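Ready for a few short exercises? Have a look at the structure below, then work through each task and its solution.

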Amino acid sequence: PRGPGPAPGAALPLAEQILQEAAPRSTPRGKRRGERTGGDEDGGEEGYVDSRLSRRILEQARRQQEELEAEHGPGAPAVPKQRRRSPAGPAASGPGSDSEDDEEWPSLEKAAAMAGRSGEYGGEVAVDPEDEAAIEMFMNKNPPLRRTLADVIMEKITEKQTEVETVLSEISGCPLPQLDPRVLEVYKGVREVLSKYRSGKLPKAFKIIPALSNWEQILYITEPETWTAAAMYQATRIFSSNLKERMAQRFYNLVLLPRVRDDIAEYKRLNFHLYMALKKALFKPAAWFKGILIPLCESGTCTLREAIIIGSILSKCSIPVLHS
């Protein structure tokens with residue numbers, strides 16, 4: 001250790017001053033460490049992660065890897081490049097941004113084939129006739145008619161048209177403004193694209209629908225019942241990310257749920273893209289429960305096959321505790 005320094009005001013040779021500047025200086029780190037409260041709980045020195053936080057990080061990483069393997073098959077990368085988002089999330093790029101990659105998983109078709117062979121998703125369902133008869137005992141014998149987006153939109157348009165025409169005729173006699181013919185032409189073209197869509201980019205006009213005040217009316221023009229299953233998956237991605245919870249709930253209930261039920265009823269299984277759309281819709285858990293699960297239970301017509309397939313999504317995906 002160095003001895004005591006020279007008396008104040010004493011001049012040192014230049015060489016000794018340089019050596020003193022270059023020499024390491026001790027700092028009272030032990031004192032600061034002792035003054036910190038909870039130093040042991042924080043893992044000691046700064047820059048290190050304590051064991052509890054390390055276990056949580058590893059647990060989350062393992063869970064994410066298991067979900068990726070369930071969706072893509074074994075050997076999936078930890079974080080696919082297409083799924084990396086900016087820190088600000090989907091809202092940072094906006095619904096019509098070019099940076100948004102429409103084909104989230106280029107190997108989706110391969111994953112569908114692998115999942116179909118291994119039975120990892122709720123496509124092929126073995127239904128026990130006794131169980132099916134048991135669940136039918138609880139179903140409504142005279143169920144109410146199921147409403148779709150077309151029914152709701154036509155009802156709203158008729159009500160609004162009657163109301164506005166009455167008010168305008170009383171005030172000024174102005175005719176009711178209709179949609180611009182150019183807008184109709186654009187979204188009729190979008191309808192043709194979505195009815196044949198398999199993969200690739202979606203039209204920008206479709207991406208901006210969630211930002212429109214009359215998004216339901218515009219969506220009705222594209223005729224969701226004619227979309228392919230792949231287009232329904234991409235639409236669910238866009239609407240679950242960019243619509244508010246109440247609006248996403250309406251999309252799930254009026255568009256996604258009827259399509260899923262019709263597909264199960266017709267093919268006795270669920271298309272892989274529609275199954276992935278149901279999983280993607282869980283991005284908004286409250287809207288998923290209120291727009292899909294609860295209406296399905298309240299319909300009085302839920303079949304055992306529908307219950308098994310949708311129940312498999314609940315068992316495979318992590319859902320916040322409060323929503324559960």
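**Exercise 1: two helices side by side**

Helix 14 (residues 285–298) and helix 15 (residues 304–316) have axes that come within 11 Å and cross at roughly 150°. Before you start, note that this is a predicted model, where local features need pLDDT of at least 70, side-chain atom pairs count only at pLDDT 80 or more, and totals for chains, interfaces and linings use all residues. Residues are numbered from 1 along each chain as its sequence is written, and side-chain values use heavy atoms, with hydrogens and water left out.

Task: work out how helix 14 and helix 15 run relative to each other, and which residues meet.

Solution. Step one is the angle, taken from 0 to 180 degrees between N-to-C directions of axes fitted to C-alpha atoms over the stretch in contact. Helix 14 and helix 15 are therefore roughly antiparallel (over 145 degrees; under 35 is roughly parallel, 65 to 115 roughly perpendicular, the rest oblique). Step two: contact means heavy atoms within 4.5 Å. On the helix 14 side, Trp288, Phe289, Leu293 and Leu296 meet Glu306, Ile310, Ile313 and Leu314 of helix 15. Sorted by class, that gives 7 nonpolar, no polar and 1 charged.

**Exercise 2: another pair**

Task: find the angle at which helix 11 (residues 229–242) and helix 12 (residues 245–267) cross.

Solution. Their axes cross at roughly 170° and come within 11 Å. That makes helix 11 roughly antiparallel to helix 12. As for who touches whom, helix 11 brings Ala229, Met232, Ala235, Thr236, Phe239 and Ser240, while helix 12 brings Ala248, Phe251, Tyr252, Val255, Leu256 and Arg259. The tally here is 9 nonpolar, 2 polar and 1 charged residues.

**Exercise 3: rings**

Task: describe how the rings of Trp215 and Phe239 are placed, and say whether these residues are buried or exposed.

Solution. Start wide: the whole structure holds 6 aromatic pairs (ring centres within 6.5 Å, using the six-membered ring of Trp). The centres of Trp215 and Phe239 are 6.0 Å apart with planes at 50°, so this pair is tilted (stacked is under 30 degrees, edge-to-face over 60, tilted the rest). Next, place them: Trp215 sits in helix 10 (residues 215–221) and Phe239 in helix 11, so the pair ties together parts 24 residues apart in sequence. Both Trp215 and Phe239 are buried (under 20% relative accessible area with a 1.4 Å probe, protein chains only; exposed is over 50%, partly exposed in between). Finally, zoom out: Phe206, Trp215, Trp227, Phe239, Phe251 and Tyr252 form one aromatic cluster.

Conventions. Helix = DSSP H or I, 4+ residues; strand = E, 2+ residues; numbered from the N terminus. Nonpolar A, V, L, I, M, F, W, Y, C, P; charged D, E, K, R; others polar.
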